[in-house]
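Please examine the sequence and the structure shown below. The report that follows treats one helix, two ligand shells and the domains of one chain.

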Amino acid sequence: MNMHYPAFRMPENTDTPPIAERCDSKLARVLASGEFAVTGEVGPPKGCTTEPVRTKARLLTDCVDAANVTDNQTAVVRMSSIAAGLIVLEEGIEPIIQMTCRDRNRLAMQSDLLGAYALGIKNLLCLSGDHQSGGNHPGAKNVHDIDSMQFLRMMKEMRDENIFQCGEEIKGGGPRFLLGGAANPFADPAQWRPYRLAKKALAGADFVQTQLVYDLPKFREYMKRVVDMGVAEQIKVIVGVGPLKSTGMAKYMRDRVPGMSVPDPLVERMDGAVAGIDKGKKADRSTAWRNEGIKICIEQIQEIRAIDGVAGVHIMGIEWEEAIRPIAEGAGLLPRPII
Amino acid sequence: MIVAEQKPLDEIKTMLEGCKKVLAVGCGTCVTVCFAGGRREVGILSASLRMSTDLDGEAIAVEETTVQRQCEEEYIAPLEADLEEYDAVLSLGCGVGVQSLARQFPGKRILPALNTKFMGFPSEHGVWEERCQGCGNCVLHITGGVCPVSRCPKQLFNGPCGGSQDGICEVDPGTECAWHTICTNQLELGLFEEMMKVQPAKDWSTSRDGGHRRIVREDIRLPEIEKA
Ligand code: SF4
Ligand code: SF4
(Lines give C-alpha, C1' and ligand atoms only; values in the text may rest on other atoms or scores of the structure.)
(Ligands and ions follow the chains in the order given, each with its own letter.)
Protein backbone atom coordinates (compact mmCIF):
# COMPACT_ATOMS: atom_id res chain seq x y z
CA MET A 1 0.00 0.00 0.00
CA ASN A 2 1.85 3.08 -1.16
CA MET A 3 -0.35 6.00 -0.35
CA HIS A 4 1.32 9.34 -0.52
CA TYR A 5 1.69 11.15 2.78
CA PRO A 6 2.10 14.93 2.46
CA ALA A 7 5.29 16.56 3.72
CA PHE A 8 5.14 17.48 7.38
CA ARG A 9 7.29 19.66 9.55
CA MET A 10 6.81 19.63 13.30
CA PRO A 11 5.48 23.05 14.40
CA GLU A 12 7.77 24.89 16.75
CA ASN A 13 7.17 24.23 20.41
CA THR A 14 5.92 27.46 21.87
CA ASP A 15 4.02 26.44 24.97
CA THR A 16 5.79 23.58 26.71
CA PRO A 17 8.68 24.45 29.04
CA PRO A 18 12.03 22.63 28.71
CA ILE A 19 11.88 19.02 29.82
CA ALA A 20 13.68 19.53 33.13
CA GLU A 21 11.11 22.13 34.16
CA ARG A 22 8.15 19.91 33.35
CA CYS A 23 8.93 17.32 35.95
CA ASP A 24 11.59 16.74 38.58
CA SER A 25 12.09 13.03 37.99
CA LYS A 26 15.51 11.51 37.61
CA LEU A 27 14.56 10.31 34.14
CA ALA A 28 13.62 13.87 33.17
CA ARG A 29 16.98 15.13 34.39
CA VAL A 30 18.91 12.46 32.51
CA LEU A 31 16.99 13.14 29.31
CA ALA A 32 17.36 16.90 29.71
CA SER A 33 21.11 16.59 30.25
CA GLY A 34 21.54 14.80 26.95
CA GLU A 35 22.99 11.72 28.65
CA PHE A 36 22.05 8.45 26.96
CA ALA A 37 19.16 7.16 29.10
CA VAL A 38 18.64 3.57 30.20
CA THR A 39 15.29 2.22 31.35
CA GLY A 40 14.24 -1.26 32.35
CA GLU A 41 11.06 -3.07 33.23
CA VAL A 42 9.49 -4.73 36.26
CA GLY A 43 6.42 -6.89 35.69
CA PRO A 44 4.21 -7.02 38.81
CA PRO A 45 3.26 -10.50 40.11
CA LYS A 46 -0.06 -12.29 39.70
CA GLY A 47 -0.53 -12.06 43.43
CA CYS A 48 -0.29 -9.82 46.44
CA THR A 49 3.14 -10.47 47.92
CA THR A 50 5.79 -7.80 47.63
CA GLU A 51 8.82 -10.07 47.40
CA PRO A 52 8.64 -10.82 43.64
CA VAL A 53 8.58 -7.08 42.94
CA ARG A 54 11.55 -6.46 45.22
CA THR A 55 13.54 -9.31 43.70
CA LYS A 56 12.99 -8.06 40.16
CA ALA A 57 13.71 -4.46 41.15
CA ARG A 58 16.99 -5.41 42.81
CA LEU A 59 18.22 -6.94 39.56
CA LEU A 60 18.03 -3.42 38.09
CA THR A 61 19.75 -1.56 40.93
CA ASP A 62 22.29 0.92 39.53
CA CYS A 63 21.68 -0.42 35.99
CA VAL A 64 18.82 1.85 34.90
CA ASP A 65 17.68 5.45 35.39
CA ALA A 66 14.08 4.33 35.78
CA ALA A 67 12.03 1.18 35.40
CA ASN A 68 8.63 0.66 33.78
CA VAL A 69 6.05 -1.03 35.93
CA THR A 70 3.53 -2.69 33.66
CA ASP A 71 -0.25 -2.36 33.99
CA ASN A 72 -2.10 -5.68 33.61
CA GLN A 73 0.21 -6.47 30.73
CA THR A 74 -1.28 -8.62 27.94
CA ALA A 75 -4.60 -8.10 29.74
CA VAL A 76 -3.66 -10.52 32.52
CA VAL A 77 -4.59 -9.37 36.03
CA ARG A 78 -1.56 -8.52 38.12
CA MET A 79 -0.74 -6.33 41.09
CA SER A 80 -1.58 -2.71 40.24
CA SER A 81 1.22 -0.78 38.58
CA ILE A 82 0.87 2.05 41.08
CA ALA A 83 1.20 -0.26 44.09
CA ALA A 84 4.07 -2.21 42.56
CA GLY A 85 5.64 1.09 41.52
CA LEU A 86 5.76 2.20 45.15
CA ILE A 87 7.53 -1.03 46.08
CA VAL A 88 10.02 -0.41 43.28
CA LEU A 89 10.50 3.10 44.64
CA GLU A 90 11.20 1.66 48.10
CA GLU A 91 13.94 -0.40 46.49
CA GLY A 92 15.58 2.81 45.34
CA ILE A 93 14.58 2.65 41.70
CA GLU A 94 12.51 5.33 40.04
CA PRO A 95 9.35 3.81 38.56
CA ILE A 96 7.64 4.68 35.28
CA ILE A 97 4.05 3.72 35.90
CA GLN A 98 2.23 2.28 32.93
CA MET A 99 -1.50 2.85 32.61
CA THR A 100 -3.83 1.63 29.88
CA CYS A 101 -7.03 3.07 28.46
CA ARG A 102 -8.50 -0.43 28.50
CA ASP A 103 -9.24 -0.67 32.21
CA ARG A 104 -10.17 2.82 33.34
CA ASN A 105 -12.33 5.71 32.24
CA ARG A 106 -11.20 9.31 32.50
CA LEU A 107 -12.49 9.63 36.07
CA ALA A 108 -10.57 6.61 37.34
CA MET A 109 -7.42 7.57 35.44
CA GLN A 110 -7.29 11.08 36.83
CA SER A 111 -8.11 10.05 40.35
CA ASP A 112 -5.63 7.15 40.46
CA LEU A 113 -2.93 9.36 39.00
CA LEU A 114 -3.56 12.18 41.49
CA GLY A 115 -2.99 9.53 44.13
CA ALA A 116 0.07 8.05 42.44
CA TYR A 117 1.69 11.46 42.21
CA ALA A 118 0.84 12.24 45.82
CA LEU A 119 2.65 9.05 46.78
CA GLY A 120 5.82 9.98 44.93
CA ILE A 121 5.47 8.57 41.42
CA LYS A 122 6.76 10.92 38.76
CA ASN A 123 6.87 9.15 35.40
CA LEU A 124 3.86 7.90 33.51
CA LEU A 125 3.53 5.85 30.34
CA CYS A 126 0.15 6.32 28.62
CA LEU A 127 -0.99 3.28 26.64
CA SER A 128 -4.05 2.01 24.79
CA GLY A 129 -3.53 -1.47 26.23
CA ASP A 130 -3.65 -4.96 24.76
CA HIS A 131 -7.16 -6.18 24.00
CA GLN A 132 -8.68 -8.31 26.76
CA SER A 133 -9.54 -11.13 24.34
CA GLY A 134 -5.93 -12.35 24.62
CA GLY A 135 -5.77 -12.11 28.42
CA ASN A 136 -7.09 -14.11 31.34
CA HIS A 137 -10.49 -12.39 31.57
CA PRO A 138 -11.67 -12.46 27.96
CA GLY A 139 -15.26 -11.88 29.11
CA ALA A 140 -14.38 -8.51 30.63
CA LYS A 141 -15.86 -5.26 29.36
CA ASN A 142 -13.21 -2.89 28.08
CA VAL A 143 -13.38 0.84 28.64
CA HIS A 144 -11.52 2.86 25.97
CA ASP A 145 -13.24 6.04 27.08
CA ILE A 146 -10.24 7.93 25.70
CA ASP A 147 -7.35 6.74 23.54
CA SER A 148 -3.63 6.99 24.25
CA MET A 149 -3.27 10.36 22.46
CA GLN A 150 -6.19 11.84 24.36
CA PHE A 151 -4.72 10.37 27.55
CA LEU A 152 -1.42 12.16 26.91
CA ARG A 153 -3.25 15.38 26.16
CA MET A 154 -5.29 15.09 29.36
CA MET A 155 -2.16 14.54 31.48
CA LYS A 156 -0.29 17.38 29.78
CA GLU A 157 -3.18 19.74 30.51
CA MET A 158 -3.31 18.57 34.12
CA ARG A 159 0.40 19.32 34.42
CA ASP A 160 0.89 22.45 32.31
CA GLU A 161 -2.51 24.11 32.70
CA ASN A 162 -3.63 22.74 36.08
CA ILE A 163 -6.97 21.62 34.74
CA PHE A 164 -8.92 18.40 34.86
CA GLN A 165 -10.06 16.86 31.59
CA CYS A 166 -13.42 18.61 32.03
CA GLY A 167 -11.68 21.99 32.21
CA GLU A 168 -12.14 22.53 35.94
CA GLU A 169 -9.17 23.98 37.79
CA ILE A 170 -7.02 21.66 39.95
CA LYS A 171 -6.64 23.62 43.17
CA GLY A 172 -3.05 23.50 44.37
CA GLY A 173 -1.74 22.44 40.96
CA GLY A 174 -1.88 19.29 38.85
CA PRO A 175 0.37 16.25 38.97
CA ARG A 176 3.70 16.95 37.27
CA PHE A 177 4.39 13.67 35.53
CA LEU A 178 7.01 13.12 32.89
CA LEU A 179 4.81 11.75 30.12
CA GLY A 180 5.66 8.86 27.88
CA GLY A 181 4.00 6.86 25.17
CA ALA A 182 4.70 3.77 23.11
CA ALA A 183 5.79 3.68 19.49
CA ASN A 184 6.13 0.81 17.07
CA PRO A 185 8.36 1.79 14.15
CA PHE A 186 7.56 -1.48 12.37
CA ALA A 187 3.77 -1.49 12.42
CA ASP A 188 1.66 -0.63 9.40
CA PRO A 189 0.86 1.54 7.58
CA ALA A 190 4.67 1.91 7.62
CA GLN A 191 4.60 5.42 6.17
CA TRP A 192 2.28 6.59 8.91
CA ARG A 193 4.62 5.69 11.78
CA PRO A 194 6.82 8.82 11.85
CA TYR A 195 3.65 10.92 11.64
CA ARG A 196 2.18 9.03 14.54
CA LEU A 197 5.27 9.83 16.59
CA ALA A 198 4.85 13.50 15.68
CA LYS A 199 1.26 13.26 16.85
CA LYS A 200 2.31 11.77 20.17
CA ALA A 201 4.64 14.73 20.67
CA LEU A 202 1.83 17.12 19.75
CA ALA A 203 -0.50 15.34 22.18
CA GLY A 204 1.97 15.88 25.01
CA ALA A 205 4.46 13.01 25.18
CA ASP A 206 7.88 13.99 26.51
CA PHE A 207 9.34 10.64 25.51
CA VAL A 208 8.41 7.39 23.82
CA GLN A 209 9.67 3.89 24.30
CA THR A 210 9.63 1.78 21.18
CA GLN A 211 8.67 -1.78 20.50
CA LEU A 212 11.64 -4.18 20.58
CA VAL A 213 13.99 -3.24 17.75
CA TYR A 214 15.95 -5.99 16.03
CA ASP A 215 15.71 -4.73 12.45
CA LEU A 216 18.27 -1.92 12.46
CA PRO A 217 18.14 -1.01 8.75
CA LYS A 218 14.39 -0.52 8.96
CA PHE A 219 14.73 1.37 12.23
CA ARG A 220 17.35 3.72 10.73
CA GLU A 221 14.95 4.61 7.92
CA TYR A 222 12.26 5.40 10.46
CA MET A 223 14.57 7.56 12.56
CA LYS A 224 15.76 9.44 9.51
CA ARG A 225 12.18 10.49 8.77
CA VAL A 226 11.60 11.34 12.43
CA VAL A 227 14.67 13.55 12.51
CA ASP A 228 13.91 15.17 9.13
CA MET A 229 10.43 16.13 10.29
CA GLY A 230 11.89 17.85 13.32
CA VAL A 231 10.13 15.45 15.64
CA ALA A 232 13.23 14.19 17.46
CA GLU A 233 13.83 17.72 18.74
CA GLN A 234 10.57 17.62 20.63
CA ILE A 235 10.29 14.07 21.87
CA LYS A 236 12.92 11.76 23.37
CA VAL A 237 13.06 8.42 21.60
CA ILE A 238 14.06 5.55 23.88
CA VAL A 239 14.62 2.41 21.86
CA GLY A 240 13.39 -0.98 23.04
CA VAL A 241 15.98 -3.74 23.02
CA GLY A 242 16.08 -7.20 24.53
CA PRO A 243 18.19 -10.35 24.43
CA LEU A 244 17.01 -13.28 22.32
CA LYS A 245 17.02 -16.52 24.29
CA SER A 246 16.89 -19.12 21.52
CA THR A 247 16.41 -19.64 17.81
CA GLY A 248 12.82 -20.58 18.54
CA MET A 249 12.16 -17.28 20.26
CA ALA A 250 13.72 -15.36 17.37
CA LYS A 251 11.54 -17.22 14.88
CA TYR A 252 8.45 -16.77 16.99
CA MET A 253 9.02 -13.02 17.14
CA ARG A 254 9.74 -12.89 13.43
CA ASP A 255 6.71 -14.90 12.36
CA ARG A 256 4.06 -14.63 15.01
CA VAL A 257 4.15 -11.29 16.80
CA PRO A 258 2.16 -8.63 14.93
CA GLY A 259 4.20 -5.52 14.29
CA MET A 260 7.59 -7.13 15.00
CA SER A 261 10.46 -7.36 12.56
CA VAL A 262 13.39 -9.78 13.13
CA PRO A 263 15.81 -10.04 10.19
CA ASP A 264 16.86 -13.52 9.03
CA PRO A 265 20.60 -13.01 9.63
CA LEU A 266 19.83 -12.60 13.35
CA VAL A 267 17.86 -15.83 13.38
CA GLU A 268 20.74 -17.56 11.60
CA ARG A 269 23.22 -16.16 14.09
CA MET A 270 21.20 -17.59 16.97
CA ASP A 271 21.12 -20.90 15.16
CA GLY A 272 24.86 -20.79 14.61
CA ALA A 273 25.41 -20.30 18.34
CA VAL A 274 24.38 -23.91 19.03
CA ALA A 275 26.10 -25.44 16.01
CA GLY A 276 27.94 -28.56 17.10
CA ILE A 277 26.14 -28.81 20.44
CA ASP A 278 24.19 -32.05 20.74
CA LYS A 279 20.40 -31.52 20.78
CA GLY A 280 20.20 -33.59 23.95
CA LYS A 281 22.45 -31.19 25.87
CA LYS A 282 19.66 -28.77 26.64
CA ALA A 283 21.49 -26.78 29.31
CA ASP A 284 24.55 -26.29 27.11
CA ARG A 285 22.43 -25.15 24.19
CA SER A 286 20.53 -22.75 26.38
CA THR A 287 23.75 -21.24 27.75
CA ALA A 288 25.18 -20.86 24.25
CA TRP A 289 22.01 -19.22 23.02
CA ARG A 290 21.79 -16.85 25.94
CA ASN A 291 25.41 -15.80 25.62
CA GLU A 292 24.85 -15.06 21.95
CA GLY A 293 21.60 -13.21 22.75
CA ILE A 294 23.43 -10.93 25.18
CA LYS A 295 26.24 -10.38 22.68
CA ILE A 296 23.81 -9.42 19.91
CA CYS A 297 21.95 -7.09 22.25
CA ILE A 298 25.16 -5.31 23.27
CA GLU A 299 26.20 -4.85 19.64
CA GLN A 300 22.78 -3.53 18.75
CA ILE A 301 22.80 -1.01 21.58
CA GLN A 302 26.11 0.31 20.34
CA GLU A 303 24.75 0.71 16.83
CA ILE A 304 21.50 2.24 18.06
CA ARG A 305 23.40 4.75 20.17
CA ALA A 306 25.04 6.09 17.03
CA ILE A 307 21.70 6.76 15.29
CA ASP A 308 20.73 10.40 15.11
CA GLY A 309 17.74 11.31 17.28
CA VAL A 310 17.98 8.40 19.72
CA ALA A 311 17.91 9.41 23.39
CA GLY A 312 18.33 6.09 25.16
CA VAL A 313 17.52 2.41 25.36
CA HIS A 314 14.79 0.51 27.11
CA ILE A 315 16.22 -2.90 27.99
CA MET A 316 13.57 -5.56 28.35
CA GLY A 317 14.58 -8.81 29.97
CA ILE A 318 11.38 -10.58 28.86
CA GLU A 319 11.32 -12.91 31.90
CA TRP A 320 15.10 -12.87 31.99
CA GLU A 321 15.89 -9.81 34.08
CA GLU A 322 19.29 -11.21 35.10
CA ALA A 323 20.51 -10.38 31.60
CA ILE A 324 20.03 -6.64 32.00
CA ARG A 325 23.12 -5.99 34.11
CA PRO A 326 25.60 -7.79 31.80
CA ILE A 327 23.99 -6.06 28.80
CA ALA A 328 24.21 -2.58 30.33
CA GLU A 329 27.75 -3.32 31.46
CA GLY A 330 28.84 -4.77 28.11
CA ALA A 331 27.37 -1.83 26.21
CA GLY A 332 29.36 0.61 28.34
CA LEU A 333 26.26 2.15 29.93
CA LEU A 334 27.46 1.75 33.52
CA PRO A 335 27.83 3.39 35.91
CA ARG A 336 24.66 5.41 35.45
CA PRO A 337 25.18 9.15 35.80
CA ILE A 338 24.11 10.85 39.01
CA ILE A 339 22.35 14.06 38.02
CA MET B 1 -29.86 -3.32 9.14
CA ILE B 2 -30.01 -5.08 12.49
CA VAL B 3 -28.15 -8.37 12.27
CA ALA B 4 -29.08 -11.33 14.45
CA GLU B 5 -28.56 -15.06 14.63
CA GLN B 6 -30.64 -17.87 16.05
CA LYS B 7 -30.03 -19.15 19.57
CA PRO B 8 -29.07 -22.84 19.91
CA LEU B 9 -32.11 -25.13 19.75
CA ASP B 10 -31.44 -26.53 23.22
CA GLU B 11 -31.50 -23.07 24.76
CA ILE B 12 -34.82 -22.31 23.05
CA LYS B 13 -36.24 -25.64 24.26
CA THR B 14 -35.18 -24.84 27.82
CA MET B 15 -37.03 -21.52 27.58
CA LEU B 16 -40.13 -23.33 26.37
CA GLU B 17 -40.17 -25.94 29.14
CA GLY B 18 -43.71 -26.45 30.45
CA CYS B 19 -45.37 -24.92 27.38
CA LYS B 20 -47.97 -26.92 25.43
CA LYS B 21 -48.76 -24.47 22.67
CA VAL B 22 -46.54 -21.73 21.33
CA LEU B 23 -46.75 -19.08 18.63
CA ALA B 24 -43.54 -18.45 16.69
CA VAL B 25 -43.53 -14.93 15.26
CA GLY B 26 -41.14 -13.91 12.52
CA CYS B 27 -40.30 -10.43 11.30
CA GLY B 28 -40.26 -9.44 7.65
CA THR B 29 -37.60 -6.74 7.80
CA CYS B 30 -33.93 -6.84 8.95
CA VAL B 31 -33.91 -10.41 10.30
CA THR B 32 -35.49 -11.67 7.08
CA VAL B 33 -32.70 -10.14 5.05
CA CYS B 34 -30.03 -11.63 7.31
CA PHE B 35 -31.70 -15.06 7.24
CA ALA B 36 -32.30 -15.24 10.99
CA GLY B 37 -36.00 -14.62 11.64
CA GLY B 38 -38.03 -14.38 8.43
CA ARG B 39 -40.89 -16.61 7.30
CA ARG B 40 -38.48 -19.30 6.13
CA GLU B 41 -36.54 -19.43 9.43
CA VAL B 42 -39.78 -19.45 11.41
CA GLY B 43 -40.83 -22.51 9.40
CA ILE B 44 -37.56 -24.35 9.93
CA LEU B 45 -37.32 -23.56 13.65
CA SER B 46 -40.98 -24.47 14.29
CA ALA B 47 -40.57 -27.82 12.51
CA SER B 48 -37.37 -28.57 14.46
CA LEU B 49 -39.09 -27.74 17.74
CA ARG B 50 -42.11 -29.90 16.94
CA MET B 51 -39.96 -32.85 15.99
CA SER B 52 -37.49 -32.51 18.79
CA THR B 53 -40.03 -32.02 21.59
CA ASP B 54 -42.06 -34.91 20.19
CA LEU B 55 -39.02 -37.18 20.36
CA ASP B 56 -38.47 -36.05 23.95
CA GLY B 57 -42.05 -37.10 24.74
CA GLU B 58 -43.11 -33.54 25.66
CA ALA B 59 -44.52 -32.43 22.31
CA ILE B 60 -45.13 -28.70 21.94
CA ALA B 61 -47.61 -27.49 19.35
CA VAL B 62 -45.85 -24.68 17.50
CA GLU B 63 -47.82 -22.41 15.21
CA GLU B 64 -46.27 -19.91 12.84
CA THR B 65 -46.82 -16.40 11.68
CA THR B 66 -44.64 -13.60 10.35
CA VAL B 67 -45.42 -9.90 10.52
CA GLN B 68 -43.90 -7.22 8.36
CA ARG B 69 -42.24 -5.37 11.25
CA GLN B 70 -42.30 -6.49 14.88
CA CYS B 71 -41.09 -3.11 16.08
CA GLU B 72 -44.26 -1.25 15.08
CA GLU B 73 -47.57 -1.44 16.85
CA GLU B 74 -49.74 -1.40 13.74
CA TYR B 75 -48.20 -4.64 12.47
CA ILE B 76 -48.33 -6.60 15.72
CA ALA B 77 -51.68 -5.40 17.12
CA PRO B 78 -53.67 -7.93 15.01
CA LEU B 79 -51.86 -10.82 16.78
CA GLU B 80 -53.91 -10.15 19.90
CA ALA B 81 -57.03 -11.94 18.59
CA ASP B 82 -55.73 -15.51 19.11
CA LEU B 83 -53.05 -14.89 21.66
CA GLU B 84 -54.96 -16.40 24.56
CA GLU B 85 -54.60 -19.95 23.27
CA TYR B 86 -50.78 -19.81 23.49
CA ASP B 87 -48.67 -20.40 26.58
CA ALA B 88 -45.92 -18.23 25.12
CA VAL B 89 -44.86 -16.27 22.07
CA LEU B 90 -41.49 -17.14 20.59
CA SER B 91 -40.24 -14.07 18.79
CA LEU B 92 -37.81 -14.38 15.90
CA GLY B 93 -37.48 -10.62 15.79
CA CYS B 94 -34.48 -8.67 17.01
CA GLY B 95 -34.32 -7.49 20.62
CA VAL B 96 -36.44 -4.51 19.66
CA GLY B 97 -39.11 -6.77 18.18
CA VAL B 98 -39.22 -8.92 21.30
CA GLN B 99 -39.66 -5.86 23.51
CA SER B 100 -42.23 -4.39 21.21
CA LEU B 101 -44.33 -7.56 21.57
CA ALA B 102 -43.78 -7.55 25.34
CA ARG B 103 -44.99 -3.97 25.56
CA GLN B 104 -47.98 -4.63 23.37
CA PHE B 105 -49.05 -7.77 25.24
CA PRO B 106 -48.29 -7.31 28.92
CA GLY B 107 -48.72 -10.47 30.96
CA LYS B 108 -47.85 -12.69 28.00
CA ARG B 109 -44.54 -14.56 28.04
CA ILE B 110 -42.55 -13.30 25.04
CA LEU B 111 -39.36 -15.30 24.49
CA PRO B 112 -36.35 -14.39 22.33
CA ALA B 113 -35.34 -16.99 19.74
CA LEU B 114 -32.53 -14.83 18.38
CA ASN B 115 -29.39 -13.22 19.69
CA THR B 116 -29.28 -9.69 18.32
CA LYS B 117 -25.72 -8.92 17.33
CA PHE B 118 -25.19 -5.55 15.71
CA MET B 119 -26.04 -2.93 13.12
CA GLY B 120 -24.25 -3.74 9.92
CA PHE B 121 -24.44 -5.12 6.41
CA PRO B 122 -23.45 -8.19 4.42
CA SER B 123 -19.89 -7.72 3.16
CA GLU B 124 -20.22 -10.82 1.00
CA HIS B 125 -22.88 -13.50 0.63
CA GLY B 126 -23.18 -15.18 4.04
CA VAL B 127 -20.94 -12.70 5.91
CA TRP B 128 -22.27 -9.80 7.95
CA GLU B 129 -20.13 -7.11 9.55
CA GLU B 130 -20.80 -4.53 12.20
CA ARG B 131 -20.73 -0.92 11.06
CA CYS B 132 -22.35 1.31 13.70
CA GLN B 133 -22.85 1.39 17.46
CA GLY B 134 -25.24 4.27 17.48
CA CYS B 135 -22.84 6.50 19.40
CA GLY B 136 -25.13 9.46 18.79
CA ASN B 137 -22.44 11.75 17.42
CA CYS B 138 -21.25 10.52 14.06
CA VAL B 139 -17.64 11.15 13.02
CA LEU B 140 -17.68 9.47 9.60
CA HIS B 141 -16.97 12.78 7.84
CA ILE B 142 -13.58 12.92 9.59
CA THR B 143 -12.72 9.25 9.31
CA GLY B 144 -13.28 8.79 5.62
CA GLY B 145 -16.52 6.84 5.91
CA VAL B 146 -15.17 4.16 8.25
CA CYS B 147 -16.42 3.99 11.84
CA PRO B 148 -13.68 3.71 14.50
CA VAL B 149 -16.22 3.24 17.30
CA SER B 150 -17.68 -0.01 15.99
CA ARG B 151 -14.75 -1.30 13.93
CA CYS B 152 -11.61 -0.60 15.97
CA PRO B 153 -11.66 -2.87 19.05
CA LYS B 154 -9.78 -0.19 21.00
CA GLN B 155 -12.06 2.59 19.75
CA LEU B 156 -9.10 4.74 18.80
CA PHE B 157 -9.66 8.21 17.38
CA ASN B 158 -6.12 9.17 16.50
CA GLY B 159 -4.75 6.64 14.07
CA PRO B 160 -3.81 2.97 14.03
CA CYS B 161 -2.26 1.31 17.07
CA GLY B 162 1.11 -0.43 17.06
CA GLY B 163 -0.42 -3.79 16.28
CA SER B 164 -1.74 -2.98 12.81
CA GLN B 165 0.03 -5.15 10.25
CA ASP B 166 -0.60 -5.71 6.55
CA GLY B 167 -4.01 -4.10 6.94
CA ILE B 168 -5.07 -6.68 9.54
CA CYS B 169 -6.17 -5.95 13.11
CA GLU B 170 -3.98 -7.35 15.87
CA VAL B 171 -7.03 -8.40 17.85
CA ASP B 172 -8.41 -10.75 15.21
CA PRO B 173 -6.51 -12.08 12.21
CA GLY B 174 -9.83 -12.38 10.33
CA THR B 175 -10.58 -8.65 10.58
CA GLU B 176 -9.32 -5.63 8.70
CA CYS B 177 -7.62 -2.91 10.71
CA ALA B 178 -10.26 -0.19 10.52
CA TRP B 179 -7.61 2.47 10.95
CA HIS B 180 -5.55 1.19 8.05
CA THR B 181 -8.55 1.86 5.81
CA ILE B 182 -9.30 5.15 7.55
CA CYS B 183 -5.74 6.38 6.84
CA THR B 184 -5.99 5.37 3.19
CA ASN B 185 -9.37 7.06 2.80
CA GLN B 186 -8.33 10.18 4.68
CA LEU B 187 -5.31 10.62 2.42
CA GLU B 188 -7.39 10.05 -0.70
CA LEU B 189 -9.99 12.55 0.46
CA GLY B 190 -7.45 15.22 1.35
CA LEU B 191 -8.09 14.96 5.09
CA PHE B 192 -4.43 15.02 6.15
CA GLU B 193 -5.00 17.91 8.54
CA GLU B 194 -7.66 15.92 10.36
CA MET B 195 -5.21 13.01 10.59
CA MET B 196 -2.58 15.12 12.28
CA LYS B 197 -4.99 16.87 14.62
CA VAL B 198 -5.16 15.35 18.09
CA GLN B 199 -8.86 14.49 18.08
CA PRO B 200 -10.27 15.50 21.47
CA ALA B 201 -11.75 13.03 23.93
CA LYS B 202 -15.18 11.96 22.71
CA ASP B 203 -18.29 13.11 24.53
CA TRP B 204 -19.96 9.77 25.21
CA SER B 205 -23.05 11.34 26.75
CA THR B 206 -24.82 10.91 23.41
CA SER B 207 -24.05 7.19 23.51
CA ARG B 208 -25.51 4.59 25.90
CA ASP B 209 -23.24 6.07 28.58
CA GLY B 210 -25.54 9.06 28.82
CA GLY B 211 -28.42 6.93 30.05
CA HIS B 212 -31.45 5.51 28.25
CA ARG B 213 -31.86 7.35 24.99
CA ARG B 214 -34.99 8.69 23.37
CA ILE B 215 -35.71 11.21 20.68
CA VAL B 216 -38.63 13.60 21.01
CA ARG B 217 -39.75 15.41 17.87
CA GLU B 218 -42.31 17.98 18.87
CA ASP B 219 -42.86 18.85 15.20
CA ILE B 220 -44.32 15.42 14.42
CA ARG B 221 -45.65 14.48 17.82
CA LEU B 222 -49.42 13.99 17.97
CA PRO B 223 -51.33 16.47 20.11
CA GLU B 224 -52.59 15.05 23.43
CA ILE B 225 -56.21 15.04 22.24
CA GLU B 226 -55.50 12.91 19.20
CA LYS B 227 -53.46 10.45 21.27
CA ALA B 228 -56.40 9.96 23.58
S1 SF4 C 1 -19.36 7.26 14.55
FE2 SF4 C 1 -21.08 6.70 15.89
S3 SF4 C 1 -22.93 7.12 14.68
FE4 SF4 C 1 -21.18 7.14 13.24
S5 SF4 C 1 -21.10 5.05 12.43
FE6 SF4 C 1 -19.74 5.09 14.21
S7 SF4 C 1 -21.01 4.48 15.96
FE8 SF4 C 1 -22.37 4.98 14.27
S1 SF4 D 1 -5.06 -3.00 14.66
FE2 SF4 D 1 -6.30 -1.33 13.85
S3 SF4 D 1 -8.45 -1.88 14.22
FE4 SF4 D 1 -7.16 -3.23 15.46
S5 SF4 D 1 -7.07 -2.23 17.46
FE6 SF4 D 1 -5.28 -1.52 16.32
S7 SF4 D 1 -5.96 0.35 15.26
FE8 SF4 D 1 -7.80 -0.69 16.00
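In helix 7 of chain A, the buried residues are Arg193(A), Pro194(A), Tyr195(A), Arg196(A), Leu197(A), Ala198(A), Lys199(A), Lys200(A), Ala201(A) and Ala203(A); buried means under 20% relative accessible area, with a 1.4 Å probe and protein chains only. Helices (H or I, at least four residues) and strands (E, at least two) are DSSP runs numbered from the N terminus. Because 10 of the 11 residues of helix 7 (residues 193–203) of chain A are buried, this helix is largely enclosed by the rest of the structure. Its buried residues pack against several elements, including helix 6 (148–160) and strand 5 (178–183) of chain A, together with helix 8 (192–196) of chain B; contact means heavy atoms within 4.5 Å. Just after the helix, Gly204(A) has a positive phi of about 135°.

This is a predicted model, in which local features need pLDDT of at least 70, side-chain atom pairs count only at pLDDT 80 or more, and totals for chains, interfaces and linings use all residues. Residues are numbered from 1 along each chain as its sequence is written, chains are lettered from A and ligands numbered from 1 in the order in which they are written, and side-chain values use heavy atoms, without hydrogens and water.

The table gives the residue classes around each ligand.

| Shell | Nonpolar | Polar | Charged |
|---|---|---|---|
| Ligand 1 | 7 residues | 2 residues | 1 residue |
| Ligand 2 | 9 residues | 1 residue | 2 residues |

The residues around ligand 1 include Cys132(B) and Cys135(B), and those around ligand 2 include Lys154(B) and Trp179(B); a residue counts if one of its heavy atoms lies within 4 Å. Ala, Val, Leu, Ile, Met, Phe, Trp, Tyr, Cys and Pro count as nonpolar, Asp, Glu, Lys and Arg as charged, and the others, Gly among them, as polar.

In chain B, the domain assignment, which is automatic or from a database, gives domain 1 (2–118) and domain 2 (133–210). The C-alpha centres of these two domains of chain B lie 37 Å apart.

Methods:
Buried means under 20% relative accessible area, exposed over 50%, partly exposed in between (1.4 Å probe, protein chains only).
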